[in-house]
Amino acid sequence: GGNMVNDHANDPQTVDESLLGGLKWRCIGPPRGGRVVAVAGDPDELGTFYFGACAGGVWKTEDAGTYWENVSDGFFDTASVGAIAVSESDPNVIYAGTGEACIRGDVTHGDGVYRSTDRGRTWKNLGLGDTRHISRVRIHPDNPDIAYVAALGHAFGPNTERGIFRTTNGGTTWDRVLYKSENAGAADLSLDPSNPRILYAAIWQARRNFWSMTSGGPDSGLWRSTNGGDTWTVITENPGLPGGLKGRIGVAASAAKPGRLWATVEAEDCGIYRSDDYGDTWELVSDERDLQGRPWYYQHIFADTQDADTVWILNYSAWKSIDGGRTFTQVSTPHGDNHDLWIDPKTPRRMIEGNDGGACVSFNGGDSWSTIYNQMTSQFYHVATDDRYPYRVLGTQQDNSAISVPSRTNKGAIPWGDCYTVGSSESGYIVVDPRDPDVVISGAIGSSPGGGGNMLRYDHKTGQVRIITVWPEAYTGWGAKDWKYRFQWTYPIQFSPHDPTVLHATGNVVFRSTDQGSNWEPISPDLTRNDVTKMEPSGGPITKDTSAAEMYGTIFSFVESPHEAGVYWAGSDDGLVHLSRDSGANWNPITPTELPEWSMINMIELSPHDPATAYLSATL
């Protein structure tokens, strides 16, 4: 009888569903910011600033970054913000462009432009939904109804809703005023503060797919308008600028000296270029390679609003020149990967900066910044829970570390001090040892051995992090076809539900370890299409980018049946599904015939009730 009662109690189909009505979502943090590529300040209210999160909407502070509040929830149909601007003449008016234009492999697209006319209290969508990725919004300094949008367009394919768009009626209608091609969009836009009829636009030919990132081509270039966007002329071939193919270009007009213009150019002769005649002629002022790091991802340049010789460059680090761009010094920011900077037109020591850890405010020109540990905008790849009481939730946070957060505390709120890092893994799966909740295994990235296949074992009792990468050999700069084994940016890791001593991980083959990663053995053949034409080094035609983010031809989803030990399901990022019923001795192809070729198998889930039922999620 006891067994019958236990079986009945554990049958999820007998749960009284009315009991579930009391469950409510609550935020458990962590209060650690995520990626920010869009920032702006209110020109009049000195404590008021805004930022757009890459996956968290628009946020506002009225106390200079001490406290941030989301102001777009309930109005936006997307979470990704790529550009934001506040009107100088009427700070009630704010424009936000959705979908970021720093198009990494896991980029999220947007649904056009939003506008607020009450300092962010309410918002309305203004269209341009198919622009997908918006890099800049610029507002006429004297008229909040005149605004310009720089749209990159689709990251993964061609489309025509890209280039520069203009509205003269507050977004009721838009005109596409600059368009190069279906393969190139706008990566930057600068409006001359001393003469708002003059605009400079950077057109960027770029394309992403699952196995490569291409930055540059014949359609890339720099354009100028002197009549408010009515007509444009290309100025890329003007004297002093580099010849040959161009990639991503950043451009900034100086407010302090009419005619002064800055550009950071991805080209064979890359560098920082300056013009003092509105772009007619140029001079290379710095070819410092540190200013050109990973150009497809950055190329952000900002002119000081009062000092004509001061200019900022943002990339891995933040750089500042006070001698007309000839020498640069590094400025410390709270987090690496810097993307946007707003400098107060009247008081340039007042600024807000956006980076891959959040947004931060400064009143002393960047000598010190407000904290990024007060923004609920973290982006997580995967989450897991342990079996403590109260249990903890673990996740791998984009551009940060893996982290463990309590599900509740006796303090009510969950403070940052009760969270802790469980390894430097930012992008991978994360699992907890079923026998010891202090032991956490997670997938990592980085330039250390293994590239995209790094794996870490963390023990909270000792604080030790140990590298347990399956094949610990450095491949930086190599194409995937030359790797011994191929591992995705985020690759499956799973403890066996039947034997906690067994750990599985997948590259292009399935691996098993029985000693928590000290040793690994392959238990499958290559379960991918193994198309070497999609395994070249990523990047080009100007700059290579081999961070392992574009690793392709890998097993992207894996699960062992919870019903029967040794039954494994595997799905690849190039569209194959396999099943083994004998602990990996034999693998049978079971790819659904309805699945288009080269689909990405994102997830395989097995029914908790029926061993014969499986669910498959795929990107077609």
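Where is the place of A64? That is a good warm-up, and the exercises below take it up. Keep in mind throughout that this is a predicted model.

**Exercise 1. Locate A64 and describe its backbone and its surroundings.**

*Solution.*
Step 1: Start with the place. A64 sits in the loop between β3 and β4.
Step 2: Look at the backbone. A64 has a positive phi of about 60°, although it is not a glycine. For context, most residues other than glycine have a negative phi.
Step 3: Judge the exposure. The cut-off for buried is under 20% relative accessible area, so A64, at 18%, counts as buried.
Step 4: Look at the strands on either side of the loop. β3 (residues 57-61) and β4 run antiparallel and are joined by 2 bridges. W59 has N70 in β4 as its bridge partner.
Step 5: Widen the view. An open sheet is formed by 4 strands in the order β1-β2-β3-β4, with antiparallel pairing. Its edge strands are β1 (36-41) and β4 (69-70), each of which pairs on one side only.

**Exercise 2. Do the same for R119, then turn to its neighbourhood in sequence.**

*Solution.*
Step 1: R119 is in the loop between β7 (113-116) and β8.
Step 2: R119 is not a glycine, yet it has a positive phi of about 55°.
Step 3: With 17% relative accessibility, R119 counts as buried.
Step 4: Now take R121. Its side chain meets that of D118 in a salt bridge, at 3.6 Å from N to O. R121 counts as exposed, at 62% relative accessibility.

**Exercise 3. Find the cis peptide bonds at P30 and P390.**

*Solution.*
Step 1: G29 and P30 are joined by a cis peptide bond, with omega about 5°. P30 belongs to the loop between α1 (2-9) and β1.
Step 2: Going from Y389 to P390, the peptide bond is also cis, with omega near -10°. P390 is placed in the loop between β29 (380-385) and β30 (392-397).
Step 3: Put this in context. Most peptide bonds are trans.

**Exercise 4. Is strand β28 enclosed or open to the outside? Work it out from its residues.**

*Solution.*
Step 1: Count the buried residues. In β28 (residues 358-362), 5 of the 5 residues are buried, so the strand is largely enclosed by the rest of the structure.
Step 2: Check each face. G358, C360 and S362 are buried on one side, and A359 and V361 are buried on the other, so that both faces are covered.
Step 3: Find the partner. β27 (residues 351-355) pairs with β28 in the antiparallel sense over 5 bridges, and E353 has C360 as its bridge partner.
Step 4: Name the motif. β27 and β28 form a hairpin, with 2 residues between them.

**Exercise 5. Follow the salt bridges.**

*Solution.*
Step 1: The count comes to 34 salt bridges.
Step 2: Take K411 and D418, whose side chains meet at 2.7 Å, N to O. K411 is exposed, with a relative accessible area of 52%, while D418 is partly exposed at 22%.
Step 3: Next, the side chains of E536 and K481 meet in a salt bridge at 4.0 Å, N to O. E536 lies in the loop between β40 (521-522) and β41 (555-560), and K481 in the loop between β36 (464-467) and β37 (493-495), so the pair ties together parts that are 55 residues apart in sequence.
Step 4: Finish with a network. Salt bridges that share partners join R35, E100, R104, D106, D356 and D399.
Step 5: One residue of that network, E100, has another contact. Its backbone oxygen lies 2.8 Å from a polar atom of the side chain of H133. H133 is in the loop between β8 (124-125) and β9 (134-139) and, at 3% relative accessibility, counts as buried.

**Exercise 6. How many cavities of 30 Å³ or more does a search of the whole structure find? Describe their linings.**

*Solution.*
Step 1: The search finds 2 such cavities.
Step 2: The largest holds about 70 Å³ of space. Its lining includes V37, C102, R136 and H300, and by class has 4 nonpolar, 4 polar and 2 charged residues.
Step 3: The second largest cavity has a volume of about 30 Å³. Among the residues lining it are L222, T236, K246 and V265. By class, this lining divides into 5 nonpolar, 1 polar and 1 charged.

Definitions and conventions
Residues numbered from 1 in each chain as written. Predicted model: local features only at pLDDT ≥ 70, side-chain atom pairs only at ≥ 80, totals over all residues. Heavy atoms only, no water. Buried < 20%, exposed > 50% of the residue type's maximum accessible area, 1.4 Å probe, protein only. Polar contact = N/O pair within 3.5 Å; in protein donor to acceptor, adjacent residues only side chain to side chain. Pairing = 2+ DSSP bridges. 1 Å grid on protein atoms, 1.4 Å probe; cavity = no way out; pocket = protein on both sides within 12 Å on 5 of 7 lines; lining within 4 Å. Points joined across faces, edges and corners; volume = space filled by probe spheres on them. Nonpolar A, V, L, I, M, F, W, Y, C, P; charged D, E, K, R; others polar.
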